[in-house]
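Biologist: I am new to this structure. Please take a close look at one part of it, the interior, and set that part in the context of the whole chain.

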Amino acid sequence: MKHRHLNPERAARRLSAFAHPLRMNILRSVAENHHRSVSDIAHHLHQSQPQISHHVAILERADILRTRADGRKRCPIFITPEMKTFFL
């Protein structure tokens, strides 16, 4: 079995991204319904769309989420399926 080495910078980015309650709620929302757009998540969490976009961008830089285009909407999805199961 090949062992992967820990990348301290990447680990720190991810841990920092998890350290905000709104980002944790965004991740739970994405895990529950991967068809939710950024606007849908904002409505679901009673937050502004720019605020959700800001936090989604942080989660993207931490390699936790990526966004896919659905027409004019951006829908965040998990980079790995294993990450999604953590939030269900």
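Modeller: Two residues are in contact when heavy atoms of one lie within 4.5 Å of heavy atoms of the other. Among the contacts in the protein chain with a separation of 6 or more, 54% join residues 24 or more positions apart. This is a predicted model, and every value below is computed from it.

The overall layout comes before the interior. The protein chain has five helices and two strands, and in sequence order they run α-α-α-α-β-β-α. Its C-alpha trace spans about 45 × 25 × 25 Å along the principal axes. A compact globule of 88 residues would have a radius of gyration near 12 Å, and the 13 Å of the protein chain agrees with that. The exposed surface of the protein chain comes to about 6,100 Å², of which carbon and sulfur atoms supply 55%. Of the 88 residues, 33% count as buried.

Now the interior itself. The largest nonpolar core has 20 residues, and those that touch the most other members are I26, L27, I52, L59, I64, L65 and F78. Helices α2, α3 and α4 each supply at least two residues of this core, with α2 giving the most, five residues. I26 shows how one member sits among its surroundings: leaving out residues up to four places away in sequence, I26 touches I41, L45, I52, H55, V56 and L59.

Helix α3, residues 38–45, is a useful case. Its buried residues are V38, I41, A42 and L45. They lie on the same side of α3, because the arc they cover around the axis is only 100°. These buried residues pack against α2, α4 and strand β2, which covers residues 73–78. Just after α3, H46 takes a positive phi of about 55°.

Helix α4, residues 49–61, also holds S53. S53 is buried, because its relative accessible area of 16% falls under the 20% limit. Apart from neighbours within four places in sequence, S53 is in contact with V38 and R74.

Not every residue of these helices is buried. R28 belongs to helix α2, residues 21–32, and counts as partly exposed at 38% relative accessibility. R28 and K84 are 56 residues apart along the chain, while their C-alpha atoms are separated by 8.2 Å.

The aromatic rings complete the view. A pair of aromatic rings is described by the distance of the centres and the angle of the planes. There are three aromatic pairs. In one of them, F78 and F87 have ring centres 5.8 Å apart and planes at 20°, so this pair is stacked. F78, one of the core residues with the most contacts to other members, is buried at 10% relative accessible area. F87 is buried too, at 8%. F87 also pairs with F86, this time edge-to-face, at 4.9 Å centre to centre and 85° between the planes. F86, in contrast, is exposed, with a relative accessible area of 60%. Ring pairs link F18, F78, F86 and F87 into a cluster. This cluster therefore holds the buried F78 and F87 together with the exposed F86.

Technical notes:
Residues numbered from 1 in each chain as written. Predicted model: local features only at pLDDT ≥ 70, side-chain atom pairs only at ≥ 80, totals over all residues. Heavy atoms only, no water. Helix = DSSP H or I, 4+ residues; strand = E, 2+ residues; numbered from the N terminus. Buried < 20%, exposed > 50% of the residue type's maximum accessible area, 1.4 Å probe, protein only. Phe/Tyr/Trp six-rings, centres within 6.5 Å; stacked < 30°, edge-to-face > 60°. Core = buried A, V, L, I, M, F, W, Y, C linked by side-chain atoms within 4.5 Å. Arc of directions from axis to C-beta. Rg over C-alpha atoms; globule rule 2.2 N^0.38 Å. Areas by Shrake-Rupley, 256 points an atom, 1.4 Å probe, with all protein chains shown as cover.
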